[in-house]
Amino acid sequence: MDASVTLLDQLIAEGLLIRTGVEGLYGRSGVFEDVIVRFEALVSRVGGADGAEVIRFPPAMTRRQLETSGYMKSFPQLAGTVHSFCGGDHDHMDLLATLDEGGDWTQKQEATDIALTPAACYPLYPMVAAQGPLPPGGRLFDVQSYCFRHEPSADPARMQLFRMREYVRAGTAEEVQAFRQRWIERAEEMIASLDLPYEVVPANDPFFGRAGRMMKVNQREQGLKLEMVIPVANAQPTACLSFNYHQDHFAHTWGVRLADGGPAHTSCVGFGLERIALALFRHHGLDPAAWPDNVRRVLWG
Ligand code: ATP
Ligand code: ZN
Ligand code: MG
């Protein structure tokens, strides 16, 4: 492999990803999508017996929910909101004139009630809280969504729109910690069965600014976020899965309660679906038909 030809160049040349002209915004071919479908089926086989409640939201949440979640406090640099033209005929004339002049027509738009989902589990917590106290034993969910993060990059593993599959557990501290530990072990088995090299390492979220520095240190020191990293397109391996323990954060943010009324703890395990597909292409080649037999058996049976 010519080192000057990047993985992104190869994926584009092969038609697996389709450039749009904006970094981190790609189309995907049928072959790329099939890998994601097969990997998700593997996730469902591994997690299936747990009886998770399957919930799907569109890749959006209410702007109000984004506000309440504290996202603008912690990650304002990543957020995306949906804006729309809300004017009448006169404003429309203005907009068209601005367009003609090559000016900034987006100034004529207003924020709608909709924001883009930054992580697949975000719309779930307000839903769970609104449904009342958890039953004894807590609840378990299976969610998947396209997610938006404004982090344009030439790294194919850092997209602005990508999919996250998650299992989310709500319950007592003991219940959710056991859930997280079980998924770390399962994920290690799954990724090893795909012949991918991996490591599970402590991590932190990119909390914004000076105030965020302490948050990063605390999250790391308390072991609240672990990532499974796999070499993808860079010298440094890339986080392809994450295992997050939120403690009782969402009890305080949303009011998620235990059966006895106490604050619930939550945890989520997130699979970065595009990153896992990219890792498979990187390690096994651009043609899934030519992947090692054992890997093909795991994914295609
Ligand atoms: P990173 O440290 O690389 O930015 P992250 O800590 O922001 O990752 P999480 O917030 O834990 O990632 O998101 C869960 C999973 O979603 C990650 O493990 C990763 O696989 C995937 N993911 C996160 N950001 C992106 C992105 N920009 N493009 C593609 N996949 C992503
Ligand atoms: Zn999550
Ligand atoms: Mg990130």
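In this predicted model, Glu33 and Arg163 form a salt bridge in which the closest N and O atoms are 2.7 Å apart. The two partners come from distant parts of the chain, since Glu33 belongs to helix 2 (residues 30-47) and Arg163 to strand 8 (residues 161-171), with 130 residues separating them. Their surroundings can be described by relative accessible area: Glu33 is partly exposed at 23%, whereas Arg163 is buried at 8%.

A further salt bridge brings together the side chains of Arg186 and Asp50, with a distance of 2.8 Å from N to O. Because Arg186 lies in helix 7 (residues 173-193) and Asp50 in the loop between helix 2 and strand 3 (53-55), this pair ties together parts that are 136 residues apart in sequence. Arg186 is buried, with a relative accessible area of 18%, a value that falls under the 20% limit for buried residues, while Asp50 is partly exposed at 29%.

Glu53 and Arg139 also meet in a salt bridge, and here the closest N and O atoms are 2.8 Å apart. Glu53 is part of strand 3 and Arg139 is part of strand 7 (residues 139-148), so the pair connects parts that lie 86 residues apart in sequence. Glu53 counts as partly exposed, at 30% relative accessibility, and Arg139 is buried, at 15% relative accessible area.

Salt bridges that share partners also join Arg28, Glu33, Arg163 and Glu274 into one network. In total, the structure holds 13 salt bridges, and the three pairs described above are set out here.

| Salt bridge | Closest N to O distance |
|---|---|
| Glu33 and Arg163 | 2.7 Å |
| Arg186 and Asp50 | 2.8 Å |
| Glu53 and Arg139 | 2.8 Å |

The nonpolar interior is the second topic of this report. In soluble globular proteins, nonpolar side chains tend to be buried together. The largest nonpolar core of this model contains 77 residues, and those with the most contacts inside it are Phe39, Leu194, Leu241, Phe271, Leu280 and Phe281. Helix 10 (residues 273-284) provides the largest share of this core, namely seven residues.

Leu194 can serve as an example of how such a residue is surrounded. When its neighbours within four places in sequence are left aside, Leu194 is in contact with Phe39, Leu42, Leu280, His284, Val295, Val298 and Leu299. Two of these partners, Phe39 and Leu280, are themselves listed among the residues with the most contacts inside the core.

Note on methods: Residues numbered from 1 in each chain as written. Chains lettered and ligands numbered in written order. Predicted model: local features only at pLDDT ≥ 70, side-chain atom pairs only at ≥ 80, totals over all residues. Heavy atoms only, no water. Core = buried A, V, L, I, M, F, W, Y, C linked by side-chain atoms within 4.5 Å. Buried < 20%, exposed > 50% of the residue type's maximum accessible area, 1.4 Å probe, protein only. Helix = DSSP H or I, 4+ residues; strand = E, 2+ residues; numbered from the N terminus. Contact = heavy atoms within 4.5 Å. Salt bridge = Lys/Arg side-chain N within 4 Å of Asp/Glu carboxyl O.
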